[in-house]
Amino acid sequence: MAVKIGDFIRLSFTGKLEDGTLFDTTEAQIAKDAKVYQEGRPYKPVLLIVGRQQAIRGLDEAIIGMSVGQEKDVDIPPEKAFGKKDPDLIKVVKASDFDKDQVSPVPGMVVNVNNQDGIVTSIGAGRVMVDFNHPLSGRDLKYHIKLVEVLETSQQKVKALFDDVSLTGSVTVDKDTILVNTKADPTEEYIFKKQTFLSWMRAIPDVKKIKFNEEYEFTSTKPAAGHGHEGHDHGHEGHDHGHEGHTHEAPVAAGLTGAKSPSETKAESKPKPSKPKK
């Protein structure tokens, strides 16, 4: 069966630059061979909804018409990848902005300035040149892709999406209703995971209602008098989570969209060093 727009799929891929430099892959052995393996990162096929712009346009187009097990090589120009490099996104930042935060920028370092990630390109005369374009902008990319699976039933799709956003608990489908039993916590990370899951559900026409049964456990603070929370299950049965207004898309591999995973924390508002992006 040929893949079409709207299908839920699992895709494995390896992305390289024209010179053969590996910038992302779903294959652990390929990452190890290229000496870019990252401990703790899950190397597995990514979950995508075809045509939902969860992959760069060139890949989205290449996937359509593929069948399970099929592999292909795809050459993608900047216009269908991460775009051309925008000179307006190459900016000068005062060196003193880094000094006060005890950051010593060097060319190639990834920094965060005003909640924007950029790469230091040059330093001199009290100024630091930072490129805020996507690291792969302006580059011709080469992908090897394999269509691993097409998820067909609502049960398969819901279970895959629940696992993909890393919610803890269980999920079941009863006709047009999804029941989620999950351990919750009042953090931005949990809220983001939940909203991401809800956003995904909009892509499954058979789903009309989602009920969350959330269990909160408080262990770090004592409850106020008369408000015992320990062991209390905050049940939300019957609560219909309407999807209108949610714009969160489930994140996938950075080499496909540059998106961040739900576990990544919010960007700081001051310059910070981190490992150079591939």
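**Entry 1: Phe212 and its surroundings**

I began with phenylalanine 212, which is buried at a relative accessible area of 0%; I note at the outset that the model I am reading is predicted. I then looked up its ring partner and found phenylalanine 197, with which phenylalanine 212 forms an edge-to-face aromatic pair, the centres lying 6.3 Å apart and the planes standing at 85 degrees to each other. I traced both residues along the chain: phenylalanine 197 belongs to helix 5 (residues 188–201) and phenylalanine 212 to strand 12 (residues 209–216), so I recorded a pair that links distant parts of the chain, 15 residues apart. Phenylalanine 197 is likewise recorded as buried, its relative accessible area being 0%. I also looked for charge at the ring of phenylalanine 212, and noted that the charged end of lysine 194 sits over this ring, 4.7 Å from its centre.

**Entry 2: other aromatic rings**

I looked up the count of aromatic pairs, and the structure holds six. One of them joins phenylalanine 13 and tyrosine 143, whose ring centres are 6.0 Å apart; because their planes meet at 55 degrees, and only angles over 60 count as edge-to-face, I entered this pair as tilted. Here too the pair connects distant parts of the chain, since I find phenylalanine 13 in strand 1 (residues 8–17) and tyrosine 143 in strand 9 (residues 141–151), with their positions 130 residues apart. I checked the burial of the two residues, and both phenylalanine 13 and tyrosine 143 are buried. I further noted that Phe13 and Tyr143 belong, together with Phe23, to one aromatic cluster. Elsewhere I found the charged end of lysine 32 placed over the ring of tyrosine 37, at 4.9 Å from the ring centre.

**Entry 3: Ser154**

I turned next to serine 154, which lies in helix 4 (residues 154–164). Its relative accessibility is 16%, and because the cut-off for burial is under 20%, I counted serine 154 as buried. Leaving aside residues up to four places away in sequence, I found that serine 154 touches Ile204 and Asp206. With aspartate 206, the serine 154 side chain makes a side-chain to side-chain polar contact of 3.1 Å.

**Entry 4: the whole chain**

Last, I looked up the totals. The protein has six helices and 13 strands, and 37% of its 278 residues count as buried. Taking the contacts between residues at least 6 apart in sequence, I noted that 67% join residues at least 24 apart. The accessible surface comes to about 15700 Å², and carbon and sulfur atoms account for 49% of that surface.

Technical notes: Residues are numbered from 1 along each chain as its sequence is written. This is a predicted model: local features need pLDDT of at least 70, side-chain atom pairs count only at pLDDT 80 or more; totals for chains, interfaces and linings use all residues. Side-chain values use heavy atoms; hydrogens and water are left out. Helices (H or I, at least four residues) and strands (E, at least two) are DSSP runs, numbered from the N terminus. Buried means under 20% relative accessible area, exposed over 50%, partly exposed in between (1.4 Å probe, protein chains only). Contact means heavy atoms within 4.5 Å. Accessible areas come from the Shrake-Rupley method with a 1.4 Å probe; for residues, only the protein chains shown count as cover. Rings of Phe, Tyr and Trp (its six-membered ring) pair if their centres lie within 6.5 Å; planes under 30 degrees apart count as stacked, over 60 as edge-to-face and the rest as tilted. A charge sits over a ring if NZ of Lys or CZ of Arg is within 6 Å of the ring centre and within 35 degrees of the ring normal. A polar contact is a pair of N or O atoms within 3.5 Å; within protein, one must be able to donate a hydrogen and the other to accept it, and residues adjacent in sequence count only if both atoms are side-chain atoms.
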